[in-house]
Amino acid sequence: MFNNGSTVSKINRGELDVADAHFRTVFEISRRVWELSDGRYDPTVAPLCDLWGFGTAEPESQPSEADVEAALGAVGLGECSVGSDGKVVRKSADTRFDFSSVAKGYGVDCIAEMFDRNGVDRYMIEIGGEIRVKGLSPRGRQWRIQVDAPVGGIAHRRFGILQLGPENMAVATSGNYRNFRYDAKGKPYGHTLSPLTGYPAISEVLSATVLATDCALADALATACMTMGKGEALDMLSESGAEGLLIVAAPDSGFVSVQTGGFDAFMVK
């Protein structure tokens with residue numbers, strides 16, 4: 001959506017109402033996670049992202065309650081659709097799609113599919129922290145992927161190490177500890193916005209790392225986890241068939257981790 005000539009930008013501006021195969025696929029994945037999350041994951045939050053300073057606009061101040069209510073009127077993936085002919089129906093003329101939470105993962109999947117078509121049987125693909133692997137590493141062992149601890153700044157501190165492969169596997173992580181802003185009182189708020197309230201999502205979950213066979217699905221699920229409590233997030237992941245690790249705020253120790261039943265099998269002991 002940051003490219004004015006892209007398909008999604010043209011659809012957002014109402015200049016185009018027929019989507020290509022890429023748009024349709026990303027929409028379908030988003031719709032699935034929207035349903036799994038009971039509407040708490042919603043890529044039509046673009047108007048809200050602009051209001052809070054995480055989109056294409058740079059607001060000079062925090063939005064008013066009236067501004068939030070007006071933007072919420074355009075939010076609602078459940079009232080949008082893409083037909084078999086590619087025809088896009090938006091909730092309203094002000095509805096805009098922000099696929100930032102799934103597009104990187106989808107890009108990884110597209111590259112992986114291209115490699116597969118051309119007979120490449122071992123690879124690690126990474127775009128902006130979203131990863132997909134297949135086969136073994138050049139060292140002849142499983143690929144090792146670091147999971148960061150939820151600390152701010154540009155530094156990376158290890159929380160744990162994943163070992164993936166030789167079977168196809170994708171991993172995506174979402175967190176609010178690096179992309180945030182401050183309100184008028186100096187209190188930080190994260191970039192994950194609630195499509196239900198119109199305000200930054202309040203959750204004990206500091207970061208979510210999700211494992212799935214498709215990177216786009218892992219990407220969207222990781223973002224969805226940031227909009228809910230740990231119990232709800234674990235239930236959603238189990239229903240989706242994915243595995244996940246949540247790093248959760250704790251009053252005394254700073255943070256602790258919880259995970260789905262099968263996640264530990266991918267951790268380096």
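The following questions and answers look at how the inside of this predicted model is built.

The model is predicted, so local features need pLDDT of at least 70 and side-chain atom pairs count only at pLDDT 80 or more, whereas totals for chains, interfaces and linings use all residues. Residues are numbered from 1 along each chain as its sequence is written, and side-chain values use heavy atoms, with hydrogens and water left out.

Me: What share of the 269 residues of the chain counts as buried?
Reply: A residue is called buried under 20% relative accessible area, exposed over 50% and partly exposed in between, with a 1.4 Å probe and protein chains only. Of the 269 residues, the share that counts as buried is 47%.

Me: Which element supplies the largest share of the largest nonpolar core?
Reply: A nonpolar core is a set of buried Ala, Val, Leu, Ile, Met, Phe, Trp, Tyr and Cys residues joined through side-chain atoms within 4.5 Å, and the largest one here has 39 residues, with Phe-23 and Leu-221 among those with the most contacts inside it. Several elements each supply at least two residues of this core, including α2 (21-36), α5 (100-117) and β11 (243-250). Helices (H or I, at least four residues) and strands (E, at least two) are DSSP runs numbered from the N terminus. The largest share, 8 residues, comes from α6.

Me: How many residues are in the second, separate core?
Reply: This second core includes Ile-131, Leu-164, Leu-245 and Phe-266. Its number of residues is 14.

Me: Is Cys-225 buried or exposed?
Reply: The relative accessibility of Cys-225 is 0%. Cys-225 therefore counts as buried.
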